[in-house]
Amino acid sequence: MAKVASHPSRIWLDQYALAAYLTATEVKVDQETARVDCFADTGPRRIVGNYDHAGSHMGLFDAAASDALDPVVSAAFAADTDHYLAQAFGSAAENAVVYERVVRLKGRPQKAATGTAILLNIEEEGSGPMVRGRILRSAAVTATGNGTGRNLGATTSGQLTVVTYRILAVSGTGSITLQCQESSDDGGGDAYASIAALASGALTTVGVTRKTTTGATEAWKRISVSAFSGFTSVTILATVGVAPNT
């Protein structure tokens, strides 16, 4: 079994990279296991229902910049909206495993003591699906083009495929459009084609966009920059996965 150090782990809350402020991160997943044992049964019987997820993140207080931990967390608490949290444990390179979660922030314990740095931690709870997926594109792009295809497995109709596009940084003013494309054989005999429901639309600023489809998809997938205008450079992070129990 391969062991992995924690140091290369990376965490994003919406479009904000928090690895420079956090010292620990965790996710807790609980599954409903309703008891259904009857008089005639020997020992317990259970069935599996829905699931819940929550996380906590230990961090160091920093209010020096608009994208530092304190202003990011403060703004997230001020809005009654979902947030998109990505946790890449052990690696944030392309094809690395990533956990994409829809969350609401619950608490922000803060602590200061003599002889220690000021701590600002985050507690959150699930507000939508948790998706175990892959990082399909992580790059600073300057033109249209295709990323590397990866075999993520085919999905059947009814399964929920989730693509999360993050624009982490831009240089200049313009627009960029991202596509998730599919092929049955990495473009060998079956050319890659865009999945219409998973197109990002024209993106013009830093932010996060989440797209889903319950249509069947082919095994091989890649992220394509289909339109690029005005910008000098755009740093993108795109993840793809399938929600459980769909």
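## Close-up views of a predicted model

**Figure 1. Surroundings of S138, a residue of strand β9.** Strands, here and below, are DSSP runs of E of at least two residues, numbered from the N terminus, whereas helices would be runs of H or I of at least four residues. The structure is a predicted model, in which local features need pLDDT of at least 70 and side-chain atom pairs count only at pLDDT 80 or more, while totals for chains, interfaces and linings use all residues. Residues are numbered from 1 along each chain as its sequence is written, and side-chain values use heavy atoms, with hydrogens and water left out. With a relative accessible area of 33%, S138 is partly exposed, a class that lies between buried (under 20%) and exposed (over 50%), as computed with a 1.4 Å probe on protein chains only. Not counting residues up to four places away in sequence, S138 touches A92, E94, I236 and L237, where contact means heavy atoms within 4.5 Å. R166 is 28 residues from S138 in sequence, and the two C-alpha atoms are 9.5 Å apart in space.

**Figure 2. Q179 in strand β13 and its polar contact with S226.** Q179 belongs to strand β13, which spans residues 175-183, and the residue is buried because its relative accessible area is 15%. The side chains of Q179 and S226 are joined by a polar contact of 3.5 Å; such a contact is a pair of N or O atoms within 3.5 Å, of which, within protein, one must be able to donate a hydrogen and the other to accept it, and residues adjacent in sequence count only if both atoms are side-chain atoms. Leaving out residues up to four places away in sequence, the contacts of Q179 are Y165, S194, A199, R222, I223, S224 and S226.

**Figure 3. D14 and H83, linked through their side chains.** H83 is a residue of strand β5 and is buried, with a relative accessible area of 7%. Its partner D14 lies in the loop between β1 and β2 and also counts as buried, at 11% relative accessibility. The polar contact between the side chains of H83 and D14 is 2.8 Å. Apart from neighbours within four places in sequence, H83 is in contact with L13, D14, A76, R101, V102, V103 and L105. Most residues other than glycine have a negative phi. D14, although not a glycine, has a positive phi of about 55°.

**Figure 4. D186, another residue with a positive phi.** D186 is not a glycine, and its phi is near 60°. The residue is found in the loop between β13 and β14 (193-194) and counts as partly exposed, at 37% relative accessibility.

**Figure 5. The largest pocket and its lining.** A pocket is an open set of points on a 1 Å grid over the protein atoms alone, with protein on both sides within 12 Å along at least five of seven lines, as opposed to a cavity, where a 1.4 Å probe fits but cannot get out; lining residues have an atom within 4 Å of a point. The largest pocket holds about 310 Å³ of space, the volume being that filled by probe spheres set on points joined across faces, edges and corners. Of its 14 lining residues, S6, H7, S9, F89 and G90 lie nearest the centre. Two or more lining residues come from each of β1 (10-13) and β3 (22-35), and β3 gives the most, with four. The lining divides into seven nonpolar, six polar and one charged residue, where Ala, Val, Leu, Ile, Met, Phe, Trp, Tyr, Cys and Pro count as nonpolar, Asp, Glu, Lys and Arg as charged, and the others, Gly among them, as polar.

**Figure 6. The second largest pocket.** This pocket has a volume of about 160 Å³. Among the 13 residues that line the second largest pocket, R132, G133, L152, V240 and G241 are the closest to its centre. Strands β9 (122-141) and β18 (233-242) each supply at least two lining residues, and the lining comprises three nonpolar, seven polar and three charged residues.

**Figure 7. The aromatic pair of F89 and Y99.** Two aromatic pairs are found in a search of the whole structure. One of them joins F89 and Y99 in an edge-to-face arrangement, 6.0 Å centre to centre and with 70° between the planes; rings of Phe, Tyr and Trp (its six-membered ring) pair if their centres lie within 6.5 Å, and planes under 30 degrees apart count as stacked, over 60 as edge-to-face and the rest as tilted. F89 lies in the loop between β5 (83-88) and β6 (97-107) and Y99 in strand β6, so the pair ties together parts that are ten residues apart in sequence. F89 is partly exposed at 37% relative accessibility, and Y99 is partly exposed with a relative accessible area of 23%.
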